[in-house]
Structure formats: C-alpha cells, structure tokens
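Biologist: I would like a close look at a single part of this model, namely the surroundings of its bound molecules. Please take me through it slowly, as you would for someone who is new to reading structures.

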Amino acid sequence: MVCHPGSQMDSPNTQRMTIASESLPEKYSLEASREPLPQLIDSFGRVHESLRISVTDACNIRCRYCMPETVASFLPQHRLLSFDSIARVVSVLARSGIRKVRLTGGEPLMRPNLERLVDKLAKIPGVDQIAMTTNAMLLSDQITALESAGLTHINISLDTLREAAFKRISRRDGLDAVLRGIESAISTKLVVRLNALLMRDINLQDCIPLVEFARAKKLFIRFIEFMPLDADRQWSQDQVVSGTELRLVLESHFGPLTAIGRADPAQPSSDFVFEDGQGGVGFIDPVSQPFCQSCNRIRLTADGKLRNCLFSQEEWDLKAACESNASDHEIHSIATACIRKKYASHGISESNFKQPERAMYQIGG
Ligand code: SAM
Ligand code: SF4
C-alpha cells in the first residue's frame with residue numbers, strides 16, 4: 001500500500017496510485033528553517049535516528065539472495081527520487097533527530113554523480129554520519145570524490161574469495177574489481193568494514209578465509225544472516241547460518257572470541273575480538289536473534305517511498321509529497337504516520353509471516 005499526502009493512510013484498501021506529478025520539475029528549494037521538529041518515536045517508544053536511503057534499484061551483479069537472475073527493467077530516471085528531494089527529506093528528518101544516513105541500493109555506485117548527493121547531505125546540520133553499503137565493484141574510480149564530498153563510513157559486501165563461488169553467488173564475474181575496491185577504501189581515512197552473507201550450501205566454507213582476509217587487512221568483518229528478502233523467494237531456514245553456529249566454527253579455528261560492548265545500543269551487531277588481539281568479527285542475527293526492540297532505522301526507497309521496516313507491507317510516498325511542494329511540516333507528518341505504524345517486530349518466525357512484495361535490492365539493505 002502506498003500512502004499519499006491526503007490519502008486514507010490507514011485504509012487497507014488504498015491501492016498503489018500513479019504519481020501524476022512524477023515527471024514535473026521540482027518546484028521547491030531547500031527551506032532554511034532549522035526549527036527542531038518532534039522526534040520520530042513509534043508506539044513502542046523507539047526513537048528513530050537512522051535513515052537508509054536507496055539511490056537506485058539497479059545493480060551490476062545479481063546476488064541470488066537478493067536479485068532475480070534477469071530483471072525486466074530497473075526504475076527509469078524520472079521515477080528515482082532526485083538528489084534535491086533526498087536532501088530535502090533528510091534536512092526535514094534531521095530536524096527530528098535523524099543523524100545517521102546510509103546510502104545503499106541496488107548498487108549505490110551505479111547512480112551517476114553520487115558524490116554530489118554526499119556533498120549535499122554533508123551540509124545538512126545534524127547529520128553526523130554519512131555511510132554507504134556497496135559491492136565495491138565501481139569503488140576504486142569513485143572513492144576519492146566520495147571521501148572529499150564527506151562520506152564517513154563504508155561497508156563493503158564480500159561473501160567469498162573464490163572466483164567460482166563469487167560467480168555462483170552473484171551470477172557475474174568481478175571478484176578482482178571488488179578486491180581493488182577494498183584496497184582503494186583502505187587507502188582512505190574512511191571507516192571501512194566488510195559484510196558477508198553465508199548460505200549454507202554455497203559459501204559456509206568461506207567463513208574462515210574471509211576472517212583471515214579481514215584480519216590481514218585489519219578490517220572488521222560482520223556476518224549477516226540470510227533473510228527472506230530474495231527476489232526468487234527461495235529462502236529457507238535450512239540455508240540460514242546462524243550467528244551462534246558460525247561463532248562456534250570460528251572459535252574452533254581462531255580460538256575464543258571475547259564480546260565487546262555496544263557503543264551504540266541500536267547497532268544490530270554483536271561484536272567480538274580475537275584472543276590474539278588481531279581484529280574482530282560481528283554477527284548480525286535478524287533471523288535467529290531479532291533485534292527489533294532496539295531498531296532505530298527507517299528506509300527510503302529509490303522511488304521515494306518511506307518504509308518503517310525491511311519487512312513492512314506499507315509505504316508512504318515522499319516523492320509525491322516533494323513534487324507537490326509539500327511543506328516541511330507535511331513531510332514530517334508523513335514520516336510520523338509511517339513510524340506510528342511500525343510493528344513491534346518483523347515476525348519472520350511467525351506462522352503468518354508474509355515476505356514483502358519488494359526484494360532486498362528494491363528496498364535497500
Ligand atoms: N549493493 C550493495 C551491496 O551489496 O553491498 C548495497 C545493497 S545490498 C542490498 C546491502 C546488503 O544487503 C549487502 O550486504 C547484502 O549482502 C545484504 N543482503 C542482500 N540480500 C539479503 C538477504 N536476503 N538477507 C540478508 N542480507 C541481504
Ligand atoms: Fe546487488 Fe547488493 Fe543485491 Fe548483490 S546484494 S545483487 S550487490 S544490490
């Protein structure tokens with residue numbers, strides 16, 4: 001369901017509507033107001049401080065846990081939320097406490113001139129972290145511009161160091177480009193981390209080489225459990241490698257892991273360091289140990305829909321709002337309506353769980 005300003009936001013019968021103003025030029029300019037707006041607090045008391053922004057649904061690879069092998073079409077340019085609109089939304093939400101933004105996709109580096117967006121976001125008062133999650137294939141050519149524009153953190157997805165497994169997972173060649181991208185990120189002052197996703201029958205065996213690689217490069221690596229967000233809808237519990245299981249595998253090879261506290265209670269990873277002091281590893285376990293009670297994230301899709309959860313069945317249309325000259329207060333009230341309808345948890349393990357219509361690449365991971 002897509003809710004537009006002025007529509008019946010609570011009606012289950014509200015249908016996806018055509019956005020009449022989509023192709024119109026933007027008429028607003030960034031409002032100068034810095035007046036604080038009410039915080040984004042949901043009905044369970046969770047205060048929202050983090051916004052994940054998908055800048056495109058397009059990608060240069062086709063990870064089987066995310067995308068279909070063939071995609072009929074990606075969003076055309078006119079359906080993407082413009083950089084000005086993204087900055088407008090962030091400037092409003094920053095006044096109500098959003099202080100971290102993460103650019104994602106699809107593959108965010110596929111969106112041309114991404115550094116221009118980073119530059120706009122870096123100038124917004126209240127935003128103190130501009131992060132990006134990327135597969136790094138296009139990173140080495142763009143990293144300098146992104147760092148100069150104000151990017152602060154980068155998470156690079158790396159699921160294997162074997163070319164054949166890379167191809168099996170992503171249905172494309174390209175491991176060399178990813179590794180070049182990682183080297184280019186290491187050469188900057190950005191905070192760089194690795195993210196890995198293991199599927200039991202495909203790359204569980206890569207966990208030790210991945211950790212060895214991360215330790216050698218002095219990078220923190222986090223393993224995220226496979227969630228039911230794949231376009232092929234092939235997800236099954238059997239393919240999920242839980243953080244608990246993986247920790248035992250890693251401890252049997254590297255020795256005991258020592259837990260380190262969470263500096264930020266809302267960050268989803270349980271982090272550990274190795275006994276020998278060389279690096280650490282984190283486990284993000286949304287399936288086996290959901291962390292919904294401390295979730296402080298909302299998400300903006302590439303076509304400008306606000307979602308209160310990866311697994312949300314509803315969306316609120318901020319692109320239509322931006323393009324119809326909505327005021328800051330109207331944008332804020334759409335975000336408030338979205339957050340008010342956030343569920344207590346994603347319910348993956350419940351019998352009535354329904355996988356969302358959009359797959360991960362269409363939401364933004
Ligand atoms: N293309 C970029 C990348 O791969 O890093 C950014 C977008 S991608 C959707 C963001 C993250 O989502 C990646 O780290 C990827 O591993 C993760 N992801 C994708 N599909 C997933 C799934 N079904 N379950 C858990 N994580 C998933
Ligand atoms: Fe592309 Fe990232 Fe999805 Fe892989 S996980 S297909 S790199 S969007």
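Modeller: A polar contact, as the term is used here, is a pair of N or O atoms within 3.5 Å. Please keep in mind throughout that this is a predicted model, and that the distances below are computed from it. With that cut-off in hand we can begin at Gly106, where a backbone N or O atom lies 3.0 Å from a nitrogen atom of ligand 1. The neighbouring position in the numbering, Glu107, takes part through its side chain, in which an N or O atom is 3.1 Å from a nitrogen atom of ligand 1. An oxygen atom of the ligand is involved as well, since a backbone N or O atom of Thr134 lies 3.3 Å from an oxygen atom of ligand 1. As for how much of the molecule is hidden, ligand 1 on its own has 540 Å² of accessible area, and the protein covers 95% of it.

Let us now widen the view to the whole shell. There are 18 residues around ligand 1, and those that come nearest are Tyr65, Gly106, Glu107, Ser157 and Met227. Two strands, β4 (129-134) and β6 (191-197), each supply at least two residues of this shell. Sorted by class, the shell around ligand 1 consists of 7 nonpolar, 9 polar and 2 charged residues.

Some of these names return when we turn to ligand 2, which has around it Cys59, Ile61, Cys63, Tyr65, Cys66, Met67, Gly106 and Asn135. Tyr65 and Gly106 are therefore worth finding in your view, being listed among the residues that come nearest to ligand 1 and also among the residues around ligand 2. By class, the shell around ligand 2 divides into 6 nonpolar and 2 polar residues, with no charged residue, whereas the shell around ligand 1 includes 2 charged ones.

Key: Residues are numbered from 1 along each chain as its sequence is written. Chains are lettered from A and ligands numbered from 1 in the order in which they are written. This is a predicted model: local features need pLDDT of at least 70, side-chain atom pairs count only at pLDDT 80 or more; totals for chains, interfaces and linings use all residues. Side-chain values use heavy atoms; hydrogens and water are left out. A residue is near a molecule or strand if one of its heavy atoms lies within 4 Å of it. A polar contact is a pair of N or O atoms within 3.5 Å; within protein, one must be able to donate a hydrogen and the other to accept it, and residues adjacent in sequence count only if both atoms are side-chain atoms. Accessible areas come from the Shrake-Rupley method with a 1.4 Å probe; for residues, only the protein chains shown count as cover. Helices (H or I, at least four residues) and strands (E, at least two) are DSSP runs, numbered from the N terminus. Ala, Val, Leu, Ile, Met, Phe, Trp, Tyr, Cys and Pro count as nonpolar, Asp, Glu, Lys and Arg as charged, and the others, Gly among them, as polar.
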